[in-house]
Amino acid sequence: MSVIYLLISISILVAIVFFVAFIMAVKKGQYDDDYTPSVRMLFDDELIHSKVEKPKVENPS
């Protein structure tokens, strides 16, 4: 029976840790951006092309 009390107390402790981590993430603004995820798939190809097509800089010798 004492094992059940131990498991319940550990599970409550883990739940409190995750809850505190969630509150800290919300306060830091991690979940504030609502617009970008909805349009990210529209601009995904442009991001890939811009990484590939970087202009080359020549060194003057």
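This passage describes the fold, the confidence and the one aromatic contact of a predicted model. Residues are numbered from 1 along each chain as its sequence is written. Local features need a pLDDT of at least 70, side-chain atom pairs count only at pLDDT 80 or more, totals use all residues, and side-chain values use heavy atoms, without hydrogens or water.

The chain has three helices and zero strands (DSSP runs numbered from the N terminus: H or I of at least four residues for helices, E of at least two for strands). The order from the N terminus is α-α-α. Helix 1 holds 26 residues and should span 38 Å (1.5 Å times one less than its number of residues); its end C-alpha atoms are 38 Å apart, in agreement. Just after helix 1, Gly29 adopts a positive phi of about 90 degrees.

Mean pLDDT (the predictor's confidence in each residue, from 0 to 100) is 81 for the chain, and 70% of the residues score at least 70. Confidence peaks in helix 1 (residues 2–27), at 97. It is lowest in helix 3 (residues 44–52), at a mean of 60.

Of the 61 residues, 3% are buried (under 20% relative accessible area; exposed is over 50%, partly exposed in between, with a 1.4 Å probe and protein chains only). The chain exposes about 6,300 Å² (Shrake-Rupley method, 1.4 Å probe), 67% of it from carbon and sulfur atoms.

The whole structure contains one aromatic pair (ring centres of Phe, Tyr or Trp, its six-membered ring, within 6.5 Å; planes under 30 degrees apart are stacked, over 60 edge-to-face, the rest tilted). Phe22 and Tyr31 form this tilted pair, at 6.0 Å centre to centre and 40 degrees between the planes. Phe22 is partly exposed, at 43% relative accessible area.
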